[in-house]
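Colleague: I have a few questions on this model before I go back to the bench. Could you take me through them one at a time?

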Amino acid sequence: MARVFEGQRTFMHPALRWLEVLTYKLIGVREEAEQRWTQYTASLLSFSIFGFLIIYLLQRAQAYLPFNPQNTSARPMSVPTLLLILPVSFVTNTDLAGLLWESTLSYFVQMAALAVQNFASAAAGISVAVALVRGFVRQE
């Protein structure tokens, strides 16, 4: 992991480096330039807001999405605040799993929103930790 965070070559470079370069070009990232803390904060906040919106919108649209054998649209989340608690808990990596999400969410929403956000929020947390360590190390 240290080699990845330092931008050094790893055993996966031959297989995936082209995809990394293509992604950077598509989203306009200059690999050699470092972000200032304000840019980094804006990136992290926009990533988290995007994750929140995806979960929220998938919850609202689950009646029209595939993999819904229980017909969860017949039992929608009746309390509007529950529609907000779920995305917030998964974006912040607190995962309030004790609120019976399995009975109110379709399989698709659980896969496409919750499982993906479990990975994405942990990755965001790791990136914040790496940024803090870099900040302390590079402090003059």
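Colleague: Is Phe47 buried, partly exposed or exposed?

Modeller: This is a predicted model, and Phe47 sits in helix H3. The relative accessibility of Phe47 is 43%. Buried means under 20%, and exposed means over 50%. The value for Phe47 lies in between, so the class is partly exposed.

Colleague: Which residues does Phe47 contact, leaving aside neighbours within four places in sequence?

Modeller: One partner lies 73 residues away along the chain, with its C-alpha atom 9.2 Å from that of Phe47. Contact here means heavy atoms within 4.5 Å. On that basis, the partners of Phe47 are Ala120 and Ala124.

Colleague: Gln117 is a polar residue. Is Gln117 buried or exposed?

Modeller: Gln117 belongs to helix H6. Its relative accessible area is 8%. The cut-off for burial is under 20%, so Gln117 is buried.

Colleague: What does Gln117 touch beyond four places in sequence?

Modeller: Two of the partners, Phe90 and Val91, are also among the H4 residues that meet H6. Gly51 and Ile55 are in contact with Gln117 as well. The full set is Gly51, Ile55, Phe90 and Val91.

Colleague: At roughly what angle do H4 and H6 cross?

Modeller: H4 covers residues 80-91, and H6 covers residues 107-137. Their axes come within 8 Å. The crossing angle is roughly 35°.

Colleague: Which residues make that contact, and how many of them are charged?

Modeller: H4 brings Leu86, Phe90 and Val91. H6 brings Leu114, Gln117, Asn118 and Ser121. By class, four are nonpolar and three are polar. The number of charged residues is zero.

Colleague: Which residue in the loop after H4 has a positive phi without being glycine?

Modeller: That loop runs between H4 and helix H5 (101-104). The phi in question is near 65°. With 39% relative accessibility, the residue counts as partly exposed. It is Asn93.

Colleague: What is the volume of the largest pocket, and which residues are closest to its centre?

Modeller: The volume is about 2,300 Å³. The lining has 45 residues. Closest to the centre are Tyr24, Gln35, Tyr40, Ser127 and Arg134.

Colleague: Which element gives the most to that lining?

Modeller: Four elements give two or more residues each: helix H1 (2-5), helix H2 (13-27), helix H3 (37-60) and H6. The top contribution is 13 residues. It comes from H6.

Colleague: How many residues of the pocket lining are charged?

Modeller: The lining divides into three classes. Nonpolar residues number 23, and polar residues number 12. The charged residues number 10.

Colleague: What is the order of elements in the whole protein?

Modeller: The secondary structure has six helices. Strands number zero. From the N terminus, the order is α-α-α-α-α-α.

Colleague: What share of the contacts with a separation of 6 or more joins residues 24 or more positions apart?

Modeller: The pair Phe47 and Ala120 is one example of such a contact, at 73 residues apart. Across the protein, the share is 73%.

Colleague: What share of the accessible surface belongs to carbon and sulfur atoms?

Modeller: Of the 140 residues, 19% count as buried. The accessible surface comes to about 10,100 Å². The carbon and sulfur share is 68%.

Technical notes. Residues numbered from 1 in each chain as written. Predicted model: local features only at pLDDT ≥ 70, side-chain atom pairs only at ≥ 80, totals over all residues. Heavy atoms only, no water. Axes fitted to C-alpha atoms, helices over the stretch in contact; angles between N-to-C directions. 1 Å grid on protein atoms, 1.4 Å probe; cavity = no way out; pocket = protein on both sides within 12 Å on 5 of 7 lines; lining within 4 Å. Points joined across faces, edges and corners; volume = space filled by probe spheres on them. Buried < 20%, exposed > 50% of the residue type's maximum accessible area, 1.4 Å probe, protein only. Areas by Shrake-Rupley, 256 points an atom, 1.4 Å probe, with all protein chains shown as cover.
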